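Biologist: Could you walk me through this structure in plain words? I would like to start with the charged side chains and then move on to other topics.

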Amino acid sequence: MMVAPTQTLVEVQLVTATALKLDSQIRLPSGSYRALGKGVARLVTKVRGGEGFGRWEGYVARGVARNLRDAYVHQLASAFAAAGYLPEGQASYAVGAERHTRYLFSAPDGRQVLLYVIEAPDALVWLVGWSG
């Protein structure tokens with residue numbers, strides 16, 4: 001019998017996410033992740049087409065939760081739509097061993113939100129930036 005390394009309960013357990021502070025109607029997806037705090041600025045330097053966006057928030061999923069990429073993106077897109085931000089465009093890029101995907105959402109009043117997903121071999125990172 002082969003024994004796999006044990007992950008922490010936090011890595012495996014699905015938990016309720018912290019709400020995005022900038023729009024109370026939008027909730028981040030459930031899963032194993034944490035806000036990156038000051039590390040967000042370092043990750044924002046990787047964002048293509050991030051000009052005009054600010055007030056960035058960053059989150060990361062590791063371990064089992066890293067494999068839930070499609071679920072995270074779907075839940076965020078649904079939350080953005082419920083808050084009045086509809087999909088405007090999507091583009092993907094290969095950057096070394098990482099895959100970057102840029103999702104742009106727009107509200108009828110012209111406000112925009114950028115969801116930028118970085119799929120690294122050991123983590124899934126998503127950044128949310130707001131226009132204006």
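Modeller: We can take the salt bridges first, then a cavity, then the aromatic rings, and please keep in mind throughout that this is a predicted model.

Biologist: How many salt bridges are there?

Modeller: The count comes to 5 salt bridges. As background, side chains of opposite charge can pair when their charged atoms come close.

Biologist: What does Glu98 pair with?

Modeller: Glu98 forms a salt bridge with Lys46, and the closest N and O atoms of the two are 2.9 Å apart. This pair links distant parts of the chain, since Glu98 sits in strand β4 (residues 98–106) while Lys46 sits in the loop between α2 (39–44) and β2 (53–61), 52 residues apart.

Biologist: Is Glu98 buried or exposed?

Modeller: Glu98 counts as buried because its relative accessibility is 17%, and the cut-off for buried is under 20%. Its partner Lys46 has 33% relative accessibility and therefore counts as partly exposed.

Biologist: And which residue does Glu119 meet in a salt bridge?

Modeller: The side chain of Glu119 meets that of Arg69, at 2.9 Å from N to O. Here too the pair links distant parts of the chain: Glu119 belongs to strand β5 (residues 112–120) and Arg69 to helix α3 (residues 69–82), 50 residues apart.

Biologist: Why do Glu119 and Arg69 count as buried?

Modeller: Glu119 is buried because its relative accessible area is 17%, and Arg69 counts as buried because its relative accessibility is 14%. There is also a network of salt bridges, in which Arg69, Asp70 and Glu119 are linked.

Biologist: What about Arg111, which residue does its side chain meet?

Modeller: Arg111 meets Asp109 in a salt bridge, with 2.7 Å from N to O. Arg111 is partly exposed, with a relative accessible area of 39%, whereas Asp109 is exposed, with a relative accessible area of 53%.

Biologist: Changing topic, how many cavities of 30 Å³ or more does the structure hold?

Modeller: It holds 1 cavity of 30 Å³ or more, and about 30 Å³ of space lies in the largest cavity. In general, rolling a probe the size of a water molecule over the atoms shows where empty space is left.

Biologist: Which residues line the largest cavity?

Modeller: The lining is made by Arg69, Tyr72, Val73, Leu76, Val117, Leu124 and Trp126. The elements that give two or more residues to this lining are α3 and β6 (123–131), and the largest share, 4 residues, comes from α3. Sorted by class, the lining of the largest cavity has 6 nonpolar, no polar and 1 charged residues. You have met one of the lining residues already, as Arg69 also takes part in the network of salt bridges with Asp70 and Glu119.

Biologist: Trp126 makes me think of rings, so how many aromatic pairs are there?

Modeller: The count comes to 5 aromatic pairs. One of them is formed by Tyr59 and Trp126, which are stacked, with 6.2 Å centre to centre and 25 degrees between the planes. Tyr59 lies in strand β2 and Trp126 in strand β6, so the pair ties together parts that are 67 residues apart in sequence. Tyr59 and Trp126 are both buried.

Biologist: How is the pair of Phe80 and Phe105 arranged?

Modeller: Phe80 and Phe105 form a tilted pair, with 4.8 Å centre to centre and 55 degrees between the planes. Because Phe80 lies in helix α3 and Phe105 in strand β4, this pair ties together parts that are 25 residues apart in sequence. Phe80 and Phe105 are both buried, and together with Tyr85 and Trp130 they form one aromatic cluster.

Biologist: Back to Tyr59 for a moment, which side chain makes a polar contact with it?

Modeller: That is the side chain of Glu57, at 2.7 Å. Glu57 is found in strand β2 and is buried, with a relative accessible area of 11%. Glu57 and Trp130 are 73 residues apart in sequence, yet 9.3 Å apart in space, C-alpha to C-alpha.

Biologist: Last one, what does the side chain of Ser131 reach?

Modeller: It reaches the backbone nitrogen of Gln112, at 2.8 Å. Ser131 is found in strand β6, and with a relative accessible area of 18% Ser131 is buried.

Definitions and conventions:
Residues numbered from 1 in each chain as written. Predicted model: local features only at pLDDT ≥ 70, side-chain atom pairs only at ≥ 80, totals over all residues. Heavy atoms only, no water. Salt bridge = Lys/Arg side-chain N within 4 Å of Asp/Glu carboxyl O. Buried < 20%, exposed > 50% of the residue type's maximum accessible area, 1.4 Å probe, protein only. 1 Å grid on protein atoms, 1.4 Å probe; cavity = no way out; pocket = protein on both sides within 12 Å on 5 of 7 lines; lining within 4 Å. Points joined across faces, edges and corners; volume = space filled by probe spheres on them. Nonpolar A, V, L, I, M, F, W, Y, C, P; charged D, E, K, R; others polar. Phe/Tyr/Trp six-rings, centres within 6.5 Å; stacked < 30°, edge-to-face > 60°. Polar contact = N/O pair within 3.5 Å; in protein donor to acceptor, adjacent residues only side chain to side chain.
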